[in-house]
Amino acid sequence: MTTTPTTGPAPAGTFAVEDPATLEVVDHVRDHDLADARSAVDRAAAALRPWAGLAPRVRSEVLRRAHELMLRDRDRLAGLIAAENGKSLVDAAGEVTYAAEFFRWFAEEAVRPGGDYGESPAGGTRTVVRHVPVGVAALVTPWNFPAAMATRKLAPALAAGCTVVLKPAAETPLTALAVARLLTEAGAPDGVVNVVPTTDAAGVVGAWLADERVRKISFTGSTAVGRLLLRQAADRVVNASMELGGNAPFIVTEDADLDAAVAGAMVAKFRNGGQACTAANRFYVHSDVAFDFTARIVAEVEKLTTGPAADGCAIGPLISRAAVERVERAVADAVAEGARVAGRGALPEAPGHFVAPTVLADVPAGAAIMREEIFGPVLPITTWSEEADMVDLVNDTEYGLAAYVYAGDLGRAMRLGEQVEAGMVGVNRGLVSDPAAPFGGFKQSGLGREGARDGLREFQETQYLSVDWP
Ligand code: NAD
């Protein structure tokens with residue numbers, strides 16, 4: 001850990017950030033109010049024209065340096081993420097590398113703002129199309145990937161020429177503040193990036209959405225809060241991108257390579273202790289291989305070490321006591337509905353918000369746990385024998401973020417993947433996140449995409465000039 005726990009009451013005007021593994025206070029952070037929210041927009045608005053007016057190459061170089069600085073400071077940042085979020089140091093270091101990659105990708109995209117040129121069908125007129133920064137952007141991020149959810153928005157926004165106000169989750173503001181300092185070191189001018197930690201999320205974000213200078217809201221978090229922000233954005237028709245909740249199915253066919261499927265399942269389920277929007281949430285395993293798959297998964301789960309990141313454990317705590325109670329209730333309800341606890345990992349002797357990694361077998365396909373986002377280290381398995389019925393069950397959800405398909409025959413895997421209503425499908429892979437690919441969901445999992453070329457477009461307006469060309 002790079003932080004020293006502090007003791008005593010929070011100084012006035014600040015709030016405490018707690019390590020969910022030890023329940024110690026990691027640091028105190030200034031609690032920004034509505035006046036602070038407004039002055040952050042003042043700074044972003046003042047910085048907009050000069051930043052947008054720089055040559056794309058100059059903005060690109062700031063992002064490239066930010067990529068290098070994040071990698072230089074990987075261990076320090078991983079320690080900070082582990083301290084405020086609780087995830088293992090391996091997961092935290094992996095997150096820093098992934099987060100830094102958005103700076104590199106968008107450093108490369110910054111010099112390709114795009115555009116087009118056309119002739120009108122009737123002749124005489126030329127159409128010149130350009131992509132311009134949308135303006136001051138409000139970014140709102142969750143606690144589960146404190147670095148990557150910030151850089152996945154910051155990098156394309158800055159590449160496009162936008163300036164930003166960023167509200168990190170109150171559970172994990174320290175990483176966002178550290179990333180902003182690195183951007184300053186990389187050469188981002190004053191006012192381009194303004195991080196506004198607060199315990200008044202609704203007040204601050206509401207004020208931004210009501211401020212006519214804010215032209216964009218980019219939100220990552222729960223579908224419930226996303227809906228709320230979309231309603232508020234409607235008042236001023238604010239350009240909105242939404243990365244919301246998921247309920248990813250993990251499908252295993254009878255001809256799948258079970259070694260690969262088990263390895264993929266462990267990553268898809270237990271990375272970040274299951275606290276990922278792309279986490280495999282419900283397992284559909286063909287009845288011919290379900291016994292074997294379950295036995296192998298249980299063996300792997302019983303090997304997982306759960307405990308504080310500082311002890312080198314693979315699985316950290318959940319973010320809060322409320323999250324522990326929610327996950328424990330979901331398991332108890334599933335058992336009441338007929339599921340069987342097939343295996344369980346050990347719990348540490350630590351005060352933090354821990355739940356034991358758990359495998360549930362014989363879960364009824366209609367059980368509540370198969371419909372709700374678990375956001376914890378619980379792996380429920382149901383079985384199937386008719387492919388068409390299984391696909392219907394898989395698609396019977398309001399969510400459509402990620403999905404995973406394991407099949408021995410690649411043609412079958414692709415066909416199944418194409419039938420799943422999800423924005424991202426891992427085909428014989430347990431990981432879909434990639435800065436070069438368009439990340440986002442179907443249905444109530446979101447609007448718009450982050451990463452890839454698409455991520456830049458989310459922070460641009462399209463303008464055309466219709467030119468009389470005699
Ligand atoms: P959350 O919706 O409670 O909070 C997300 C952010 O919104 C935080 O910064 C929070 O302070 C803020 N917020 C909360 N209430 C608000 C309000 N009334 N007005 C304005 N802002 C408000 O979500 P969470 O619990 O922090 O994160 C978990 C959720 O995020 C899960 O549903 C998960 O699937 C989703 N998620 C989605 C993605 C994705 O890319 N699709 C990525 C990570 C997490």
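Q: Which helices and strands each supply at least two residues of the shell around the ligand?
A: Helices (H or I, at least four residues) and strands (E, at least two) are DSSP runs, numbered from the N terminus. Here α5 (148-160), α7 (201-210), β8 (214-220) and α8 (223-236) each do so. The model is predicted: local features need pLDDT of at least 70, side-chain atom pairs count only at pLDDT 80 or more, and totals for chains, interfaces and linings use all residues. Residues are numbered from 1 along each chain as its sequence is written, and side-chain values use heavy atoms, leaving out hydrogens and water.

Q: Which residues come nearest to the ligand?
A: A residue is near if one of its heavy atoms lies within 4 Å. Of 29 residues around the ligand, Thr 141, Arg 152, Ser 222, Leu 244 and Glu 373 come nearest.

Q: What polar contacts do side chains make with the ligand?
A: A polar contact is a pair of N or O atoms within 3.5 Å. An N or O atom in the Arg 152 side chain is 2.7 Å from a ligand oxygen. For the Glu 373 side chain, the distance to a ligand oxygen is 2.4 Å. For Trp 143, it is 3.0 Å.

Q: How do the shell residues divide?
A: There are 18 nonpolar, seven polar and four charged. Asp, Glu, Lys and Arg count as charged. Domain 1 (14-244 + 445-468) and domain 2 (248-434) each give at least three shell residues. Those bounds come from an automatic or database domain assignment.

Terms used. Polar contact = N/O pair within 3.5 Å; in protein donor to acceptor, adjacent residues only side chain to side chain.
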